[in-house]
Amino acid sequence: MKIFFSQAEASPEIIEEDFSPIDLKESIRKTRQALEIAYAGFDNALESDLIDSYIYEINALQKRYQHLTELAALQPADQEKNLYQHSPIRALVSHVFG
């Protein structure tokens, strides 16, 4: 999530944003990283309001991570890629007899 703040002295430049779809693996990686940051913040929080906010953030990120991993499990495995990445002989056999 991106948050933008405006300042009175900011230049009036037009900023282009990239709205292209994010790769599922990349989204899972970023969510895992955000979870690690939230856990670290929770471990260092001293005020009860801040602790509560980290609890809500962690719960939301866990739900997002669960949803993304379920989506990844539903995607068909790229079997052809797996064959070629380990052995050139398998690739040749698969190509000849496949």
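A salt bridge, in the sense used here, is a side-chain nitrogen of Lys or Arg within 4 Å of a carboxyl oxygen of Asp or Glu. I begin with that term, as it will be needed shortly. Please keep in mind throughout that the structure before you is a predicted model.

How many salt bridges does a search of the whole structure find? The search returns one. Its partners are the side chains of glutamate 26 and arginine 29, with 2.5 Å from N to O. Both residues belong to helix H1, and because they are three residues apart there, about one helical turn separates them. In general, an α-helix has 3.6 residues a turn, so residues three or four places apart point the same way. As for exposure, glutamate 26 has a relative accessible area of 27% and is partly exposed. Arginine 29, at 40% relative accessibility, is likewise partly exposed.

Let me turn to helix H1 as a whole. Running from residue 24 to residue 44, H1 contains 21 residues. From first C-alpha to last, H1 reaches 30 Å, close to the 30 Å expected at 1.5 Å a residue. Which residues of H1 are buried? They are Leu24, Ser27, Ile28, Thr31, Leu35, Ala38 and Gly41. These residues lie on the same side of H1, because the arc they cover around the axis is only 140°. On the face turned away from that buried side, H1 carries the exposed residues Lys25, Glu36, Ile37, Asp43 and Asn44.

What covers the buried residues of H1? The cover includes helix H2, residues 48-74. With its 27 residues, H2 reaches 39 Å between its first and last C-alpha atoms, close to the 39 Å expected at 1.5 Å a residue. The buried residues of H2 are Tyr54, Ile58, Leu61 and Leu68. H1, in turn, is part of what covers them.

I close with one residue of H1, phenylalanine 42. Is phenylalanine 42 buried, exposed or partly exposed? At 31% relative accessibility, phenylalanine 42 counts as partly exposed, since buried means under 20% and exposed over 50%. Leaving aside neighbours within four places in sequence, which residues is phenylalanine 42 in contact with? They are Ile51, Tyr54, Ile55 and Ile58. Two of these names, Tyr54 and Ile58, have already appeared among the buried residues of H2. Finally, phenylalanine 42 and aspartate 52 are ten residues apart along the chain, and 8.8 Å separates their C-alpha atoms.

Definitions and conventions:
Residues are numbered from 1 along each chain as its sequence is written. This is a predicted model: local features need pLDDT of at least 70, side-chain atom pairs count only at pLDDT 80 or more; totals for chains, interfaces and linings use all residues. Side-chain values use heavy atoms; hydrogens and water are left out. Helices (H or I, at least four residues) and strands (E, at least two) are DSSP runs, numbered from the N terminus. The expected span of a helix is 1.5 Å times one less than its number of residues. Buried means under 20% relative accessible area, exposed over 50%, partly exposed in between (1.4 Å probe, protein chains only). The arc is that of the directions from the helix axis to the C-beta atoms. Contact means heavy atoms within 4.5 Å.
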